[in-house]
Amino acid sequence: MQGHLLSVILFTPLAGLFLLLFIPKSQKTFIRLWANITAAIGFLVSLPLIIGFDRSNGGYQFVERAEWIPSLGVQYLIGVDGISVLMVMLTTIMGFLAIFSSWDAIKDREKEYYSMFLLQQTGMLGVFISMDFLLFYVFWEMVLVPMYFIIGVWGGPRKLYAAIKFFLYTLTGGVLMLLGILLLYFNYFAQFGRYTFEIAELMKINLPLATQQWVFWAFFVGFAIKVPMFPFHTWLPDAHTEAPTAGSVILAAVLLKMGTYGFIRFSLPLLPKASSDHTIVTIVAVLSIIGILYGALVSLMQQDWKKLVAYSSVSHLGFCTLGIFALNQSGITGSIIQQINHGISTGMLFLVVGVIYERRHTREIKEYGGLAHIMPNYAIVFAIAMLSSAGLPLLNGFVGEFTILQGAFDANHVWAAFAVLGVIFGAAYLLWLYQRTMLGEVTNEKNKGLPDLKWREWAVFIPLIIWAISIGVYPKPYFDILEKPVAQIVHRVHDTANAAAVPTTPTPEVASR
Amino acid sequence: MSVYYTSLDHFVLLPVLLLALFGCATLLFDFWVFPEAHQRKYLLIFLGLGEAFAGWAFWRQGMALAINGGEISAFHGAVVVDHFALFFHWIFLITTLIVGLISYRYLEVRDEHHGEYYGILMLAQCGMFFLASGNELVTIFVGLETMAVSFYVLVGFLRAEQRSNEAALKYLLLGGLSSGFLAYGFSILYGIAGSTQLNDIAKAVATRSHSDTILFLAIATTTVGLLFKIGGAPFHMWVPDVYEGAPTTITAFLAVGSKAASFALLMRLFASTLGSARATWEPLLIAAAVLSMTIGNLAAITQTNTKRLLAYSSVNHAGYILLGVIAGNNTGYKGVLIYLLVYTFMNLGAFLVLTSLTRKGLAGEDINDLRGLMKKSPGHALWMLIFLLSLAGIPPTAGFFGKYFIFLSLIETGHYVLAVLGCLYAAVAIYYYMRMVKAMFIETEEEETPALSTSFGMQVALVVTGVMTLVIGVYPEPFVRLAQQSFQR
C-alpha cells in the first residue's frame with residue numbers, strides 16, 4: 001500500500017466512477033451516497049500521504065515509476081514534494097466538500113453529475129503528482145472535459161456560452177503549452193540522444209536564453225489562461241457565474257491552481273534563465289499587478305453576488321503570480337500558501353452564495369439586505385469567509401498576503417506598493433458586499449421567511465472554517481513543508497541566472513535547424 | 001509459370017486477386033442464389049470470407065517481409081509489397097470490413113439493399129491496393145481509376161435520391177478532372193525519366209535543378225490531382241457535397257479508405273520519388289496545408305448538417321496530415337502513418353454513430369437529430385463523445401497521438417509557425433465538435449423520434465472502433481512501433 005499510495009489516491013475516484021456506472025439511474029439516493037463515499041475514501045487515503053510525508057526531505061517522495069510508452073520516452077512517473085502534497089490535500093478535501101455540498105443542489109441527471117466530478121478529481125490529482133511532462137499534459141487536458149459538462153449541463157442560463165468559452169480558452173493555452181513541451185523534449189533529444197519527458201531529466205538541458213524565452217511564452221500562455229492572469233481572464237467570470245455551486249468551488253479552489261502550480265513546477269525550474277530574465281519578470285509582475293487592481297476594481301462594481309466573488313479571484317490570483325515572480329523564498333512560499341487560502345476562502349464564499357441561491361434563486365445583490373437578522377448563523381459564516389478572503393490577521397488570508405507582499409517588497413518596492421492597494425480595494429468590495437447583503441434592515445419581503453443554515457451546510461462550512469483559522473493562527477507547518485522544495489527552486493533560478501551573468505562559452509544553438 | 005507470371009508475382013498479387021474474385025462472385029451470387037432482398041445480408045459472408053483470405057495473404061506477406069526484410073517486388077518492380085504498403089493494406093481491410101458490417105441495416109432502411117454493393121466495396125479495395133503498392137505510374141493510375149470508378153457508383157447508390165445522384169455526378173466530373181491533372185503530371189514525369197518506374201523517375205528528378213520549369217509543371221499538376229483525391233484545399237470543393245449526398249456508410253468509406261489510399265500514394269511519391277525535389281513541392285504543400293486547415297475549420301463552424309460538418313473537418317485533417325509530409329523527417333512520416341491509423345478508427349466511429357441515426361423516414365443528418373442522444377441511447381452518445389474528443393485531439397484519446405507526432409516533427413524541423421498555426425486551429429476545431437457534443441448531452445429532444453437503427457454488425461463495429469480509439473490513446477506503444485517499422489528510410 002505504501003509503495004503504491006499515490007496510485008491509490010489517484011485512481012480511487014476513477015474506481016468509484018467505474019462502480020457508479022453500474023448503479024441504476026433511478027437509485028438517486030444511492031448514487032449520491034456512493035459518490036460521497038468515494039470522495040470520502042479519496043480524502044481518507046490521502047491522509048497517510050500527509051502523515052507519512054518527510055518534511056526534512058526537499059525532494060520527491062512516494063515515487064512510483066513504470067514504463068508507459070517507451071518508444072516516446074513517456075513514463076508513468078508520479079511523486080510528491082512539499083508543494084504537490086499540499087495541492088493533493090487541497091484537491092481531496094475540496095473535492096469531498098464540493099461533492100457533499102451537491103446533495104440537495106443537484107436534482108437532475110445525478111449519475112452523470114457525480115461521474116463528472118469523480119473523473120475531474122482524478123484529472124486534477126494527476127496534474128499535481130505527475131513527474132513526467134506528458135503524463136502531466138494528459139491529466140491537464142483530461143480535466144477540461146468534465147468541467148465543460150459540469151458547467152454546460154448543470155449551469156445557469158448562459159451555461160453553454162460559458163462552457164464553450166472555458167473549453168476554447170483553456171484548450172488553446174494547453175496546446176500551445178504542448179508545443180513548448182515538445183520544444184524542450186526535442187532539445188533534450190538533440191543533446192542527450194534519447195527521448196524523455198521526465199522533468200528531472202529535462203532540467204539538465206542547456207538551453208540558450210532565446211530558446212528558453214520561446215518555451216517560456218508557450219508555457220506562459222497555457223498557465224496564464226488557467227490561472228487566469230489579466231488579460232486572459234475573461235473566461236473566468238462567465239465560467240464561475242454559470243457553473244453550479246460545487247463547480248464554482250472546485251474551479252476556484254483547485255482548477256485555477258493548476259496554472260500557478262505550473263509556473264512553480266515547470267516554468268521556474270525548467271527555464272531558470274528565462275524566468276529570471278528582467279523583461280519577462282517585469283511583464284509578468286506588471287500583468288499580475290494589473291490583475292490585482294483590475295479584479296478588485298471590477299468587483300467593486302458588480303451587481304451579481306457570484307460575479308463579484310469571481311472577479312475577486314482574478315485579484316487574488318494576481319497576488320499568487322506576483323509572489324511566484326518575486327523569485328524569492330517568501331514570495332513563492334507565500335504564493336503557495338495563498339493558493340491554499342484562496343481555495344478555502346473563495347471556496348467558502350462560493351458556498352455562501354450557493355446557500356442563498358438555493359433559497360432565493362437570485363444572485364442580485366440588491367435583492368438582499370439585512371439577512372443577518374433572519375439568518376444569523378449564515379451571517380457569521382459569511383463574515384468569517386469574507387474576513388478570511390480580505391486577509392484579516394489570525395485568519396488564513398493574512399498569512400499568505402503578508403508573505404507575498406514581503407517577497408514582492410524584497411524584489412521590487414514599487415510592486416509591493418501597488419499590490420498593497422489591492423489589499424485595500426479587496427477589503428472595500430468585500431465589506432461593502434457584506435454591508436449591502438447582511439447588515440441594516442430587511443428590505444425585501446421575500447427574504448423574511450428564509451431558513452438558516454441546515455446541518456448539511458454546517459457540515460461543509462465547519463471544516464473550512466477550522467482550516468482557515470488554523471492556518472491563520474499557526475501557519476508554521478505549511479512553511480516547514482514548503483521550505484526545502486521552494487528553496488531548491490529559488491536556488492535553481494538564481495544560480496543559473498548568476499551563472500548566466502558570468503561570460504561562458506556560448507552554448508550551441510540546437511533548437512534551430 | 002512463365003516468365004511473365006512468376007510465383008513471386010503471384011505471391012504479391014494474391015490478396016488483390018482474392019478480393020477481385022470474391023467481389024465478382026458476390027455479384028453472381030446476388031443474381032442467382034440470393035435474389036430476395038431480405039437474403040442479401042448473407043452476401044456479407046462473401047465479404048467476410050474475401051477479407052479473411054486477403055488478410056491471410058497479407059499476413060503471409062508480412063511473414064515473408066519479416067524473414068527477408070526490405071520489400072518484395074513483382075512484375076519487374078511495378079508492384080511492391082513493403083511494410084509501408086502492408087500497413088495501408090491492413091487499414092483498407094479493416095475499413096472495408098467495418099463499412100460492410102454497418103451497411104446492411106442502413107441499406108435496408110433506405111430500401112436500397114442491392115448485392116452489388118458488397119462486390120463493389122471489394123473492388124474499390126482492389127484499387128486502393130495498387131495505390132499503396134504501385135511502384136509504376138500506369139499501375140498506380142489503373143489502381144486509382146479502379147478505386148474512383150467504384151466510388152462513383154457507390155456514391156450514387158441511393159438511386160431514388162436526387163442528392164445522391166447529384167453527388168455521384170459531381171464526384172464523377174471533378175474526379176475525372178483530377179485524374180486528368182494526375183495523368184498530365186504523370187506523363188511529364190514519364191517524359192523526364194523515359195520510364196514509368198518510380199525508381200527511375202526518382203533518379204531522373206534528382207539530376208534536375210529545382211528551378212526546372214518542366215519539373216515544376218509535373219509536380220504542380222501531380223499535386224493538384226492528389227489534393228483532389230485527399231480532399232485538401234483549394235481542391236476540396238467536392239468534399240462537402242459528395243459526403244453529404246453519398247450514403248452515410250459510403251461517406252465513411254470515402255473519408256477513411258479513399259483518403260488513406262490517396263495519402264499512401266502521396267507519401268510514396270513525395271517522400272521517395274520526388275524527395276530530391278523537396279524545394280519545389282514544399283511551398284505548394286505548405287500553402288495547401290494552411291489553406292486546408294483554414295477553410296476546413298472556418299467552414300465547419302457554420303454547418304448544421306453533421307455529414308457536411310465532418311466533411312469540412314476531414315478537409316482540416318487533410319491539412320494536418322500534410323504537415324507531417326511537409327516536416328519530412330522520420331517523425332513526420334511516422335506521424336502521418338499513425339494519424340491515418342487513428343483517423344481510420346475515430347472517423348469511422350463517428351460515421352457509425354451517424355449511420356445509426358438514419359431511421360425510417362428520418363435522415364438523421366442534422367445536428368438537431370443528435371439532440372438528447374445521451375438520454376435515448378447513452379452507449380452511442382458516449383462512444384460518439386470519445387470519437388469527437390479524439391478528432392479534436394484531446395488526450396487520452398488516440399487523436400492526441402496523431403497530432404503529437406505531427407507537432408513534434410514540425411518542431412524538429414524548425415517549422416515553428418506551422419506548429420503554432422496547427423495548435424490554434426486545433427482549438428478552433430473544438431468549437432464545432434463541441435456543438436455535436438452539446439446537442440447529444442446538453443440539449444433535449446424536441447419530439448419523440450424512432451429508436452436508433454442499430455444492428456449486430458453495428459454493435460460490433462462500434463465496439464471495435466471505440467475500443468481502438470481508446471486503446472491507441474492510452475497505450476500507443478505497439479502502434480508507434482508498428483508505424484516505426486512501416487516507415488524506415
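Here is a short conversation about reading a strand, an interface and some salt bridges in a predicted model.

Visitor: Let's start with a strand. Which way do the residues of β2(A) point?

Guide: In a regular strand the side chains alternate between the two faces of the sheet. In this model, V74(A), Y76(A), I78(A) and V80(A) point one way from β2(A), while Q75(A), L77(A) and G79(A) point the other way.

Visitor: Are the residues of strand β2 of chain A buried or exposed?

Guide: Seven of the seven residues in this strand, which spans 74–80, are buried.

Visitor: How is β2(A) joined to strand β1 of chain A?

Guide: The two run antiparallel, with six bridges between β2(A) and β1, residues 61–69. To find one on screen, look at Q61(A), whose bridge partner in β2(A) is V80(A). Four residues lie between the strands of this hairpin, and G73(A) takes a positive phi near 75°.

Visitor: Now the interface. How many residues of chain B and chain A take part in the contact?

Guide: Each side gives 37 residues, 37 from chain B and 37 from chain A. The buried area is about 3400 Å², and carbon and sulfur atoms give 78% of that. On the chain B side, Y404(B), I411(B) and I442(B) lose the most area to chain A, together 17% of what that side buries.

Visitor: What about charges and polar groups across the interface of chain B and chain A?

Guide: The rule finds zero salt bridges across that interface, but there are six residue pairs in polar contact. Among the helices of chain B, α17(B) gives the most to the side touching chain A, with 13 residues. By class, that side has 30 nonpolar, three polar and four charged residues.

Visitor: Where should I look for salt bridges, then?

Guide: Side chains of opposite charge can pair when their charged atoms come close. Over all chains the count comes to 34 salt bridges. One of them joins R105(B) to E108(B), with the closest N and O atoms 3.8 Å apart.

Visitor: Where do R105(B) and E108(B) sit in helix α3 of chain B?

Guide: They are three residues apart in that helix, so about one helical turn separates them. R105(B) is partly exposed at 28% relative accessibility, and E108(B) is partly exposed at 27%.

Visitor: What else can I compare with that pair?

Guide: Try D200(B) and K203(B), whose closest N and O atoms are 4.0 Å apart in a salt bridge. Both lie in helix α7 of chain B, three residues apart, about one turn of the helix. Here D200(B) is partly exposed at 31%, whereas K203(B) is exposed at 58%.

Visitor: Which residues are linked in a network of salt bridges?

Guide: The network includes R110(B), E161(B), R163(B), K170(B) and D241(B). Within chain B, R163(B) and E161(B) meet in a salt bridge at 3.2 Å, N to O.

Conventions:
Residues are numbered from 1 along each chain as its sequence is written. Chains are lettered from A and ligands numbered from 1 in the order in which they are written. This is a predicted model: local features need pLDDT of at least 70, side-chain atom pairs count only at pLDDT 80 or more; totals for chains, interfaces and linings use all residues. Side-chain values use heavy atoms; hydrogens and water are left out. Buried means under 20% relative accessible area, exposed over 50%, partly exposed in between (1.4 Å probe, protein chains only). Two strands pair if DSSP finds at least two bridges between them. Contact means heavy atoms within 4.5 Å. Buried area is the accessible area (1.4 Å probe) that two parts lose on being put together, summed over both. A salt bridge is a side-chain nitrogen of Lys or Arg within 4 Å of a carboxyl oxygen of Asp or Glu. A polar contact is a pair of N or O atoms within 3.5 Å; within protein, one must be able to donate a hydrogen and the other to accept it, and residues adjacent in sequence count only if both atoms are side-chain atoms. Ala, Val, Leu, Ile, Met, Phe, Trp, Tyr, Cys and Pro count as nonpolar, Asp, Glu, Lys and Arg as charged, and the others, Gly among them, as polar.
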